[in-house]
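New to this one? Let's take a short walk through it together.

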Amino acid sequence: MPSTRHVSKKQPLSASIKLQNQFIFSQNTHLTVTTPSHISAWDSAGIHTIFKSSKNGIVAARQAQDESGLLAVADKHVVVLHDTRRGQERSWGLEGNEDEVRHLEYTADAKSLFLSTNLTADIQHYSTEHAQLLSPTRTNASPPVALAVSPTGHLLVSASDHPPVIYLKNLA
């Protein structure tokens, strides 16, 4: 191997991050990356910061799968629904802990958002269609450690540690 090294003239990754007012999730492929301070989308055009927290408090995020551009972002107390297509305010003073576990799951049609907290064993149900919090869908024995909605939207699966139980709820 030669001992000669060439310096790359390409810009570093951080220089290619773009901050925009509007963002449309790619219909074919992209990766959504969530950190305590930023939510970024990485697609063929580069990395786009689509949401940020001034207090590094993002503990969970979930993109709606219906191409609406709706992004649910959670800290330890609130869930913010951010419309990436309209370019609304993208910075919030969210506060969360690194060990905070929040679960956010949309149904495939994005008409419902299910969420959990560490504070209660409830799985909350928010209707995006009616913009209101409905009665809890499920109450586990302890705060959920996992949450999923079936692709058809009629089954909700959750799991708890104490006792170790898997719950299956028919939403139909």
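Here is a tour of two salt bridges, one buried residue and a hairpin.

First, some ground rules. This is a predicted model, where local features need pLDDT of at least 70, side-chain atom pairs count only at pLDDT 80 or more, and totals for chains, interfaces and linings use all residues. Residues are numbered from 1 along each chain as its sequence is written, and side-chain values use heavy atoms, with hydrogens and water left out.

Let's begin with charges. Side chains of opposite charge can pair when their charged atoms come close. Searching the whole structure turns up 2 salt bridges (a side-chain nitrogen of Lys or Arg within 4 Å of a carboxyl oxygen of Asp or Glu). In one, Arg62 meets Glu105, with the closest N and O atoms 2.9 Å apart. That pair links distant parts of the chain, 43 residues apart: Arg62 sits in strand 5 and Glu105 in strand 9 (strands are DSSP runs of E, at least two residues, numbered from the N terminus). Glu105 counts as buried at 15% relative accessibility, while Arg62 is partly exposed at 33% (buried means under 20% relative accessible area, exposed over 50%, partly exposed in between, with a 1.4 Å probe and protein chains only).

Arg62 also touches Leu70 (contact means heavy atoms within 4.5 Å). Leu70, in strand 6, is buried at 18%, and its C-alpha atom is 5.8 Å from that of His82.

Finally, look at the hairpin of strand 13 and strand 14, where Gly153 takes a positive phi near 80°. The two strands pair in the antiparallel sense over 5 bridges (pairing needs at least two DSSP bridges).

How values were computed. Helix = DSSP H or I, 4+ residues; strand = E, 2+ residues; numbered from the N terminus. Lists of a residue's contacts leave out its neighbours within four places in sequence.
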